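Reader: I've got a new model open and would like to talk it through. Could you take my questions one at a time?

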Amino acid sequence: MRWVHNDGQTLSGNTVEDIGSGLIMKGKPVRVSDHTEFLIAGELAVSRLGIGISRAACSGRHAAEQRRELGLALVRRALELGVNFLDTTDYNYSPDRAACANVLIRDAFSPYQPNLVIATSIGLIRDDRNGIRAATGAELRWLVNEKLRQLRLDRLDLVILRLGETLPPHGESLAVRFDALAELREEGLIRHLGLSNADDRHLSEALQIAPVVAVQNLFHFGHQRDVALLRRCEKHNIAYIPFLPLGCTGVTACTPLARIALRHHTTVDQIALRWLLSVSPVTIVAPQIGSVSRLEELVLCRDLPLTAEDMADLA
């Protein structure tokens, strides 16, 4: 069976319609779960449902050693469940700096399985007072080498330049910082490059310097202002990784999501993630997860059958 993209192409033996966005089978389940992988840059096969590791490293509810063991169990269980895309950041230390996400990944998987893909977001750095500022070009080189050391790798799979904490810094040039990362890519220390908290101009500017294979921006059911950039990524087969895919507080309280969750006897968060997997074939969803039970709950979203009626209610 063939499926359609949201450009209205036909598929065999079924009626298709485009409701806002995504893959819509009229009267049929939206079988995006049949497309559970995305090829980053046409070569790195990753699960479209990934996992953010920062919460596993940063939760302060447990003592350092217990937190480490819980984190190790979490990332190992993720791979068992077919989740091979791990998302980390450049300031993901626990409050006492005893557990770092990269060290958790290293201790859980080294020597690494060939199908594991680690995305490392860098660009912000903590100062002595625990504040956050933009890293310079020289500091970006140091950060990349630090990640390589922590992970015990010779090359990082995907390095994402983070331009701001949550929203794009409009009008700010990324040329100097992205050029610094492009040099590291030429040296063989980075395989692929991406952008985070970027707008359309940032993407255009970066593409003049080096290929961009992923964009990671704020996007969830309650915050869809980035649709135009998502469609641009879709057109050029650039991975789009929604930042805060479950939002902060507004998504779970959203009435349409709650209504669909009730219809399918599932959770609002599962529907929110399933919707993100449905809006475009280039989305990779990597929510921050802090426990094995939470992971096992959220991976169920991959098999939820959203119908055309569901998607119409969410349009």
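Author: Sure. One definition to start with: the expected span of a helix is 1.5 Å times one less than its number of residues. Keep in mind that this is a predicted model.

Reader: What span should helix α4 have, and what is the distance between its end C-alpha atoms?

Author: Helix α4 covers residues 137–151, which makes 15 residues. At 1.5 Å a residue, α4 should span 21 Å. The end C-alpha atoms agree with that, being apart by 21 Å.

Reader: Which elements do the buried residues of α4 pack against?

Author: The buried residues of α4 include L140, L143, V144 and L148, and also charged-type names such as E146 and K147. Their packing partners are α3 (101–109), β5 (117–122), β6 (124–126), β8 (156–162), α5 (175–186) and β9 (190–196).

Reader: Which residue follows α4, and what is its phi?

Author: Most residues other than glycine have a negative phi. The residue that follows α4 is R152, and its phi is positive, near 55°.

Reader: On to the sheet: which strands stand at its edges?

Author: The sheet is open, has seven strands with parallel pairing, and runs in the order β3-β4-β5-β8-β9-β10-β11. Two of these strands have a single partner strand each, so one side of each is left without a neighbour in the sheet. Those edge strands are β3 (51–52) and β11 (239–243).

Reader: What angle does the direction of α5 make with that of β9?

Author: β9 pairs with β8 in the parallel sense over six bridges, and V159 has L193 in β9 as its bridge partner. α5 packs on the sheet, where it touches β5, β8 and β9. Its direction and that of β9 make an angle of about 160°.

Reader: Now salt bridges. How far apart in the chain are R77 and E296?

Author: The structure holds 18 salt bridges, and R77 with E296 is one, with the closest N and O atoms 2.9 Å apart. R77 sits in helix α2 (residues 64–80) and E296 in helix α10 (residues 292–298), so the pair links distant parts of the chain. Along the chain they are 219 residues apart.

Reader: Is R177 buried or exposed in its salt bridge with E172?

Author: The side chains of E172 and R177 meet at 2.6 Å, N to O. E172 is partly exposed, with a relative accessible area of 34%. R177 has a relative accessible area of 9%, and buried means under 20%, so R177 is buried.

Reader: Why are E297 and R294 separated by about one helical turn?

Author: E297 and R294 form a salt bridge, with closest N and O atoms 3.1 Å apart. At 24% relative accessibility, E297 counts as partly exposed, and R294 is partly exposed at 24% as well. They are about one turn apart because both lie in helix α10 at a spacing of three residues.

Reader: Which residues are joined by a cis peptide bond?

Author: Most peptide bonds are trans. The cis one here has omega of about 0° and involves P111, in the loop between α3 and β5. The bond joins S110 and P111.

Reader: Last one: N197 has a positive phi, so is that residue buried or exposed?

Author: N197 is in the loop between β9 and α6 (200–207), with phi near 55°. H265, in the loop between α8 (255–264) and α9 (268–279), also has a positive phi of about 55°, but H265 is exposed at 75%. At 1% relative accessibility, N197 counts as buried.

Note on methods: Residues are numbered from 1 along each chain as its sequence is written. This is a predicted model: local features need pLDDT of at least 70, side-chain atom pairs count only at pLDDT 80 or more; totals for chains, interfaces and linings use all residues. Side-chain values use heavy atoms; hydrogens and water are left out. A salt bridge is a side-chain nitrogen of Lys or Arg within 4 Å of a carboxyl oxygen of Asp or Glu. Helices (H or I, at least four residues) and strands (E, at least two) are DSSP runs, numbered from the N terminus. Buried means under 20% relative accessible area, exposed over 50%, partly exposed in between (1.4 Å probe, protein chains only). Contact means heavy atoms within 4.5 Å. Two strands pair if DSSP finds at least two bridges between them. Axes are lines fitted to C-alpha atoms, for helices over the stretch in contact, and angles run from 0 to 180 degrees between N-to-C directions.
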